[in-house]
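Here is a small set of exercises to work through with the model open beside you. Each task is followed by a solution in steps.

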Amino acid sequence: MALTRGFTGRQLGTRDPRLPPGQYDTGMDWPVLHVEPTPSIDTAGWSFEIDGLVDKPVRWSWEEIHSLPASRYEGAIHCVTTWSKFGMRFDGVSVDTLLDIAGVGDDAAFALARSHTGYTTNFPLDDLTGGKAWVVWDVDGAPLSSIHGGPARLLVPHLYFWKSAKWVSGLTLLAEEQLGFWEQRGYHDRGDPWLEQRYQGDR
């Protein structure tokens with residue numbers, strides 16, 4: 001598990017109203033935290049797939065996903081370990097665009113995101129649609145580095161950042177919820193920072 005000094009200390013003074021409860025502004029730092037060794041993924045062999053309860057399973061190569069309409073997120077990200085970072089700019093493709101191509105099945109209500117490393121995390125489908133989620137490969141005008149999930153990661157910025165799966169490889173649409181890696185280990189099923197949904201049993 002990789003950590004940086006960004007996980008210690010809190011800023012003093014007037015609290016920024018943009019900060020969810022229990023969070024602090026990490027400033028220029030972007031802390032690194034993951035449970036797995038950082039993989040080296042060649043974009044020549046990279047792919048992203050949507051399967052499960054869809055009209056047609058679809059898999060995109062690196063070149064194919066880059067040919068889709070581009071989409072950008074500008075704003076904050078929030079980690080369950082209590083740091084927040086403002087002023088981020090991510091570029092990629094909206095999950096709405098990908099789901100429109102695959103076609104969401106009538107019974108689909110949840111999704112399980114998976115990574116090239118085997119990591120998983122779960123969502124109500126509503127948390128991935130309506131302009132709330134992206135597959136991103138650039139941050140602040142530069143390619144996403146491997147320690148931050150490059151070549152591409154899921155971005156779901158309205159939820160705690162463990163939900164924004166690094167090294168993302170696909171989404172499986174499901175009728176019933178299937179818990180992911182951290183959710184099976186006591187983290188909250190959803191992870192809304194404004195409700196402080198950090199652990200199982202939180203509201």
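**Exercise 1. Determine whether Arg89 is buried, partly exposed or exposed, and find its salt-bridge partner.**

Step 1. Start with the classes: buried means under 20% relative accessible area, exposed means over 50%, and partly exposed lies in between, with a 1.4 Å probe and protein chains only. Arg89 has a relative accessibility of 27%, so it counts as partly exposed.

Step 2. Before going on, a word on the input: this is a predicted model, in which local features need pLDDT of at least 70 and side-chain atom pairs count only at pLDDT 80 or more, while totals for chains, interfaces and linings use all residues. Residues are numbered from 1 along each chain as its sequence is written, and side-chain values use heavy atoms, leaving out hydrogens and water.

Step 3. Now look for the partner, taking a salt bridge as a side-chain nitrogen of Lys or Arg within 4 Å of a carboxyl oxygen of Asp or Glu. Arg89 pairs with Asp91, and their closest N and O atoms are 4.0 Å apart. Asp91 is buried, at 17% relative accessible area.

**Exercise 2. Describe the salt bridge between Arg190 and Asp127 and place both residues in the chain.**

Step 1. The N to O distance of this salt bridge is 2.7 Å.

Step 2. Helices (H or I, at least four residues) and strands (E, at least two) are DSSP runs, numbered from the N terminus. Arg190 sits in the segment after strand E11 (168-174), and Asp127 in the loop between strand E7 (120-124) and strand E8 (134-139); the pair links distant parts of the chain, 63 residues apart.

Step 3. Compare the cover: Arg190 is partly exposed at 26% relative accessibility, whereas Asp127 is buried at 4%.

**Exercise 3. Do the same for Glu183 and Lys163, then name the residues of the salt-bridge network.**

Step 1. The side chains of Glu183 and Lys163 form a salt bridge at 2.8 Å, N to O. This pair also links distant parts of the chain: Glu183 lies in the segment after E11, and Lys163 in the loop between strand E10 (153-155) and E11, 20 residues apart.

Step 2. Glu183 has a relative accessible area of 2% and is buried; Lys163, at 0%, is buried too.

Step 3. A network of salt bridges joins Glu49, Asp51, Arg59 and Arg114. In total, the structure holds ten salt bridges.

**Exercise 4. Find the surroundings of Leu19.**

Step 1. Leu19 belongs to the segment before strand E1 (24-25), and with 9% relative accessibility it counts as buried.

Step 2. Use contact in the sense of heavy atoms within 4.5 Å. Leaving aside residues up to four places away in sequence, Leu19 touches Tyr24, Asp25, Ser84, Phe86 and Trp194.

Step 3. Take Phe86 from that list: Leu19 and Phe86 are 67 residues apart along the chain, and their C-alpha atoms are separated by 9.3 Å.

**Exercise 5. Summarise the fold of the protein as a whole.**

Step 1. The protein has two helices and eleven strands, in the order β-β-β-α-β-β-α-β-β-β-β-β-β.

Step 2. Its radius of gyration, taken over C-alpha atoms, is 16 Å, close to the 17 Å from the globule rule (2.2 Å times the number of residues to the power 0.38) for 203 residues, so the protein is as compact as a globular protein of that length.

Step 3. Of the 203 residues, 53% count as buried.
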